[in-house]
Amino acid sequence: MAKYVFVTGGVVSSVGKGVSVASIGKILKSRSVSVSAQKLDPYLNVDPGTMSPYQHGEVFVTQDGAETDLDLGHYERFIGVDLTQASNVTSGQVYSSVIAHERKGDFLGGTIQVVPHVTNEIKRRIRQVAEISGADVVIVEVGGTVGDIEGQPFLEAIRQMRKDEGRDNVLYIHVTFLPHIAATDELKTKPTQHSVNELRRIGIQPDVILCRSDNEIPEGVQDKISLFCDVDKEAVIPVVTGETIYEVPLLLEEYKLGDFIVNRFELKAKESNLGDWRDMVNKLKAPKESVTIGLVGKYVELRDAYYSVREALCHAALTHNREVKIEWLSSEEFQDGHDNNKLRQVQGIIVPGGFGHRGIEGMIEAAKFAREREIPYLGLCLGLQVMVIEFGRHAFHSQDVNSTEFSSDTAYPVIDFLPGQQGVKQKGGTMRLGTYPCHLVPRTKAARAYGCEIAYERHRHRLEFNNSFRQPLEEVGMIASGVSPDGELVEITELRNHPWMVSCQFHPEFRSRPDSPHPLFADFVGAAKETLIEGAQPSLPIS
Ligand code: GLN
């Protein structure tokens, strides 16, 4: 029977609840306890797929094609598991299915209410993760902050779980924030006390409190929280902001959270084994040469929009013993002949995924810069489409080369809708989503980077390379280096006469892990580190 760890947040959002869940997963996994994780999102969208990246940050795609919260990315990267669509539940999903049952007449005669109908559906979905994964421990994060109106049914459901599953099988962890008052140089515990009171009002007494803070936490502060919130002192755990999020499991281990959970659940566990992770963190923190990558996108003001790309770059740089420095470049800056000085300062260019025509011309400029100056370029989904448009304009000597997403009557529609996608009216969950195989064409840069014949990669797109232009573009140096098993869909393109210009129609960033970087990212950073930034060339010896 599975055990459940429920993680709630107090005081403020964005204090790293997702990383805490991922880290708890990691410390349990390091004791050979099998773990799965789930995020409960109280908003009413069915999934974040229809939300603007400015609202929500990145949409993380699971292998089975669910568009999910970016916290699932943390869970996968830390715990090393591939999650499924069951791992992200929203109010939208819960209410849709309750109402669908009501319309079918499944509750005939009954009044449908938040308790028990909505809470039952939430609990069913929590248990489903335990059933699908077969994990010893399921860690469930409740999105938002205690006190939010829409979070109430979720808190009520997790409260009921203690009674349903048995007190020894459920643990509550509350993640709070300790504000620092500069005038008195003090960390304040009152907001934590208030949010624990709010939890208790609903009937949940936390077993563990993780105290996030940007400052060192004096022991007296832990004592105070322990006393006022009625939590064992060893279960009040300071989590002070560190250099890297990958340190958090080590921190929790230091405070013996792993032992605490294993003992509480009476789990059969091995000794903790975080040696490799610790080595990875030490390597990450050690000073080293940097490699500068320009990320040219349209949501760069909100870096969370590219979370997995950023992490994948960091993992890839680490294999080359480098530190990645990302220049966040708004693509609109390069439009309409604006100067490209910033591009001259990078060793590699990434154009990540995106939707809509804003900023596209700037991305095309960046791809042109990379092609002409032989700067390594990695295109991710939209980045592939941008690379093909740019190369098409060069090859056909025409500016009227485009994707039908941006120009429906372009003379050269080198990127066009996938079969059946053009007329799609319903926006949610209707793209080509999830894992598909990709055959790598021997003796290409892509095949050399992967070192295998077939890759399985995650997708999220409506448009694709238009095969009518495959032959003319191949004749002038573009190679389809990865294709679907039937050869019909171009999954990877690269340029023959360029040191490293490779793009993929899928999202490799979702599969990168700190201890196993994605081969395309690793190869890209390997090429970028050899690139000299303009002005950095060593001067010639004067004879
Ligand atoms: N807008 C493009 C498409 O739908 C690219 C999508 C993406 O980058 N994820 O195909």
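**Group meeting talk: sheets, cores and two loops**

Okay, let's start with a pair of strands: strand 16 and strand 17, which covers residues 412–417, run parallel to each other and are joined over three bridges. Before I go on, please keep in mind that this is a predicted model.

So where does that pair sit? Strands 16 and 17 belong to an open sheet of three strands, in the order 16-17-20, and the pairing in that sheet is mixed. At the edges you'll find strand 16 (401–403) and strand 20 (463–465), each pairing on one side only. Going from one strand to the next, the twist averages 25°. If you want one spot to click on, try Ser 403, which stands opposite Ile 415 in strand 17. Then look for helix 14, residues 382–395, which packs on this sheet and touches strand 16, strand 17 and strand 20. The direction of helix 14 makes about 165° with that of strand 16.

Now let's move to strand 10, residues 208–213. How many of the residues in strand 10 are buried? Six of its six, in fact. They point two ways: Val 208, Leu 210 and Arg 212 to one side, Ile 209, Cys 211 and Ser 213 to the other. Yes, that list of buried residues includes an arginine, Arg 212.

Strand 10 has partners, too. Strand 7 (residues 170–177) pairs with strand 10 in the parallel sense, over five bridges, and strand 11 also pairs with strand 10 in the parallel sense, over five bridges. Cys 211 is a handy marker here: Thr 176 has Cys 211 as its bridge partner, and Cys 211 also stands opposite Pro 238 in strand 11. To get from strand 10 to strand 11, the chain goes through helix 8 (residues 219–229), and this β-α-β crossover is right-handed.

On to the cores. In soluble globular proteins, nonpolar side chains tend to be buried together. In this model, the largest nonpolar core has 59 residues. Which of them touch the most other members? Those are Ile 24, Leu 28, Ile 139, Ile 173, Leu 210, Leu 252 and Leu 257. As for helices, helix 1 (residues 17–29) gives the most to this core, with six residues.

Zoom in on Leu 252 for a second. Leaving aside neighbours within four places in sequence, its contacts include Ile 24, Leu 210 and Leu 257, plus Ser 20 and Ser 23. Ile 237 and Val 239 are also in contact with Leu 252. Apart from that core lies another one, of 39 residues, among them Val 386, Phe 465, Val 483 and Val 490.

Last part: two residues in loops. Thr 244 is in the loop between strand 11 (236–240) and helix 9 (248–254). Is Thr 244 buried or exposed? Its relative accessibility is 14%, so Thr 244 counts as buried. The side chain of Thr 244 reaches the backbone nitrogen of Tyr 246 at 2.9 Å. Setting aside neighbours within four places in sequence, Thr 244 is in contact with Leu 284 and Lys 285.

And then Gly 429, in the loop between strand 17 and strand 18 (432–440). With a relative accessible area of 41%, Gly 429 is partly exposed. One distance to finish on: the C-alpha atoms of Gly 429 and Lys 298 are separated by 22 Å, and these two residues are 131 residues apart along the chain. Okay, over to you!

Key:
Residues numbered from 1 in each chain as written. Predicted model: local features only at pLDDT ≥ 70, side-chain atom pairs only at ≥ 80, totals over all residues. Heavy atoms only, no water. Helix = DSSP H or I, 4+ residues; strand = E, 2+ residues; numbered from the N terminus. Buried < 20%, exposed > 50% of the residue type's maximum accessible area, 1.4 Å probe, protein only. Polar contact = N/O pair within 3.5 Å; in protein donor to acceptor, adjacent residues only side chain to side chain. Contact = heavy atoms within 4.5 Å. Pairing = 2+ DSSP bridges. Axes fitted to C-alpha atoms, helices over the stretch in contact; angles between N-to-C directions. Right-handed = clockwise from strand over helix to strand, strands pointing away. Core = buried A, V, L, I, M, F, W, Y, C linked by side-chain atoms within 4.5 Å.
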